[in-house]
Each structure stands twice: as C-alpha cells, then as structure tokens.
Amino acid sequence: MNTTASSPLLQADFLRKRYGEREAVRGISLQVSAGEVLGLLGPNGAGKSSTIAMLAGLSRPDGGSVTVGGTALAQDEFGYKRRIGLVPQELALFEDLPALANVELFGALYELPAAQVRARAMEVLAQVGLADRAQDKPASFSGGMKRRLNIACALIHGPELLLLDEPTAGVDPQSRNAIFEQLEALKRAGMALVYTTHYMEEVERLADRMLIIDHGQQVAHGSLAELYRLLPAAETLSLELEREIDSNLDATLRALPGVQQLQRRGSQLQFGLSDLGRGSAAVLGALAAAGVAPRHISSGRANLEDVFLSLTGRQLRD
Ligand SMILES: Nc1ncnc2c1ncn2[C@@H]1O[C@H](COP(=O)(O)OP(=O)(O)OP(=O)(O)O)[C@@H](O)[C@H]1O
C-alpha cells in the first residue's frame, strides 16, 4: 500500500455530475483515511448517491478527480475498484441462491483465485454475523440480514475502503445496531468507510467527520464538535401554535433576551436559545400576552438537524 498515516486513502477533488440540465453534484471534495468513517449527510436528492457512484467508479464524473491509495480511477479502473467495496442503496442479491453462493459470486467477479473464495466467503459471512446462515437463501432473510449479506458481498475481495449508500434503509432498530457494530469493527480493523444517510443519529454515532451536502454542494464539514460550533444556540425550543403569527409578533419574539435564532414555517416556530429556562419563559410569556396559545411544545439540545436548519433554512427530512 503506498499510503502513509498522513495521506488520505481516498481523495476526491471537485467532483461534478450532471444529468441533462440538472447538476446533481457541484464540486464536492472529500478525503478519508484508513480507520476513519466519513459521514455524508444530506436530504433526499442532495447528491449523496451520485457522489458514491462516482467514488465507486460506477459513474463517470463530469469534472474532478478521485484516487484511492494513490491509484487514480481515470488511470487504472480495475486496480482502483479492487481497493473499494460498494454497498449500494438497492439490495443486489440473488434471492434464490444460498447466502454463501451470493458472496462467492462477488469473489468471482473480482477474479479471486477459486481455491480461496470459499474460505474467504465464510470469513466475511462471519464478519457480518451470518456464518450460521451460509446455506440459507436470502429469500428467507429479514431486511436487516439481507443488508448484512450485501455488506459481506462488498467485503469479499478485501477492500481498503467501503462505500455504504444508506445501508440501513428498511432495517429494524435491532438489525441496525448489529450493522453499526459490524461497521465499527471494520473501522477498528483499519478500514476506511464512507457512509451516506439522511439520519443524523447514524452519522452522530458512526462518523469521525461528516460532510453535510445540499443541492450537490458542501454545506459544512468537520467533526461533530466542530459542526456544533456552527450553531447559533445550544438549546432549542419548538412550538406549534394554534395559528400563524404576524410580523410584529415575529419581531417581538426575535428581540426577546436569550433568543438567538427563530425559524418560522407556518404555525411552527423553532427557537435557538442561550438558556432554555429563561428563554422559554420569555417566549411563552410574549405569546400569552399576544393571545396565541401553543398546541405543542418540545425542547432539547441542539443537534445536527439544527446545524442543517441553521445553515440552509430547511429541515434535513423535508
Ligand atoms: N440517473 C439519473 N438521471 C437523472 N437525474 C438523476 C439521476 N440520478 C439522480 N438524479 C437526480 O440528481 C439529484 C441527486 O440525486 P441523488 O440520488 O444523488 O441524491 P441523494 O442525496 O442520494 O438522494 P436520496 O437520499 O433520495 O437517495 C436528484 O435531483 C435526482 O433526481
């Protein structure tokens, strides 16, 4: 391997992808090192899958470059792909072939020596907790087990980098946890992972760094702690009111002591507050004085959803 601790394993610079008139990816750059997880977070249509497809060598970028371990996709496509495992968003399995045969098939695609394939397939099935189901067909598997088998298929050739495109879609919480534990073990073993999702809890748990994208562009990048520093306020208060407020009341609320931010969508208000106790009392007092009652109140510490909201003015899951 011609990488060092200081040089990233995956390096993508200024990637662009266009479908007809639509620019799906507009200059995304990213890096991942061995033993690191990069989370790619963004709402539906942000350009996550298009980015992954370019990183995986499945779709040709309209601009920019990508290298893995110093091997450029443009120069040595097979060499590049050997270093990467892809777990696609859509399950890619033969439902009527046993799990083991599914994994072996991927081994053949990567031209692994036949003598090694069986042992290697059993090894990766064990890695995803499916060794005892090797002879069963995925048709009889739960959604979570199929996802894990999909991951095993992506690991058969011993890639250094694993690209995962929403690997928990349609998975129950228990299986999701099993998948996370397996991904954490791969990371500990030194693999680099790029993980796309629109669930902020998943990147909060798994990712060392995250790239937040929207409309094909980087909105923010950094560790969780770095992203939290972008937040205008540490606490949030969300209200659903019985009716929409007018611009005078809006201005009054924004001017209250402790109110650092106010996002308004119809009758829903979200405040960023420096102090939850004092700020909430002031907000609720001002609403009561104006004769507007809340229908629903919730509060909490700010999270990645709030980072996205404060940077784009939109919800992650619109
Ligand atoms: N093959 C294609 N042809 C035309 N437009 C496409 C194609 N693939 C994606 N798009 C468009 O490009 C944009 C980005 O899509 P992409 O699938 O990369 O986003 P995403 O962030 O992965 O979304 P999701 O979370 O819904 O999978 C969207 O507007 C989508 O409609």
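**Exercise 1. Find which residue of strand E13 is the bridge partner of serine 238, and place the strands around this pair.**

Step 1. In E13, serine 238 is bridged to glutamine 270. The model is predicted.

Step 2. Serine 238 belongs to a pairing of E11 (residues 235-241) with E13 (residues 268-273), in which six bridges join the two antiparallel strands.

Step 3. E13 also pairs with strand E12 (residues 259-265), again antiparallel and through six bridges. Within that pairing, glutamine 261 has glycine 272 of E13 as its bridge partner.

Step 4. E12 and E13 form a hairpin with two residues between the strands, and glycine 266 there has a positive phi near 60°.

As background, strands of a sheet pair through backbone hydrogen bonds, in a parallel or an antiparallel sense.

**Exercise 2. State the order of the strands in the open sheet that contains E2 and E5, and name its edge strands.**

Step 1. The sheet is open and has four strands, ordered E2-E1-E4-E5, with antiparallel pairing.

Step 2. The edges are E2 and E5 (71-72), since each of them pairs on one side only.

Step 3. At the E5 edge, two bridges link E5 to E4 (residues 63-68) in the antiparallel sense. Threonine 67 stands opposite alanine 72 of E5.

Step 4. Helix H1 lies across E1 (10-19), E2 and E4, and runs at about 120° to E1.

**Exercise 3. Describe the shell around the ligand by residue, by element and by class.**

Step 1. List the residues: Tyr19, Arg22, Ala24, Gly42, Asn44, Gly45, Ala46, Gly47, Lys48, Ser49, Ser50 and His198 surround the ligand.

Step 2. Assign them to elements. Strand E2 (22-32) and helix H1 (48-55) are the elements that give two or more residues to this shell. The largest share, three residues, is that of H1.

Step 3. Sort by class: seven residues of the shell are polar, three nonpolar and two charged.

**Exercise 4. Which residues of helix H11 are buried, and what follows the helix?**

Step 1. The cut-off for a buried residue is 20 or more other C-beta atoms within 10 Å of its own C-beta atom.

Step 2. In H11 (residues 304-312), the buried residues are Leu304, Asp306, Val307, Phe308 and Leu309.

Step 3. An α-helix has 3.6 residues a turn, so residues three or four places apart point the same way.

Step 4. After H11 comes glycine 313, with a positive phi near 75°.

**Exercise 5. Give the annotated domain and its make-up.**

Step 1. An unreviewed UniProt entry places the feature "domain: ABC transporter" at residues 10-240.

Step 2. The span of residues 10-240 is 35% helix and 29% strand, and its end C-alpha atoms lie 44 Å apart.

Methods. Residues are numbered from 1 along each chain as its sequence is written. This is a predicted model: local features need pLDDT of at least 70, side-chain atom pairs count only at pLDDT 80 or more; totals for chains, interfaces and linings use all residues. A residue is near a molecule or strand if its C-beta atom, placed from the backbone, lies within 6 Å of it. Ala, Val, Leu, Ile, Met, Phe, Trp, Tyr, Cys and Pro count as nonpolar, Asp, Glu, Lys and Arg as charged, and the others, Gly among them, as polar. UniProt positions are given in the numbering used here, feature names are shortened, and annotations may be inferred rather than shown by experiment. A residue is buried if 20 or more other C-beta atoms lie within 10 Å of its own, exposed if 12 or fewer, and partly exposed in between; C-beta atoms are placed from the backbone. Two strands pair if DSSP finds at least two bridges between them. Two residues are in contact if their C-beta atoms, placed from the backbone, lie within 7 Å. Axes are lines fitted to C-alpha atoms, for helices over the stretch in contact, and angles run from 0 to 180 degrees between N-to-C directions.
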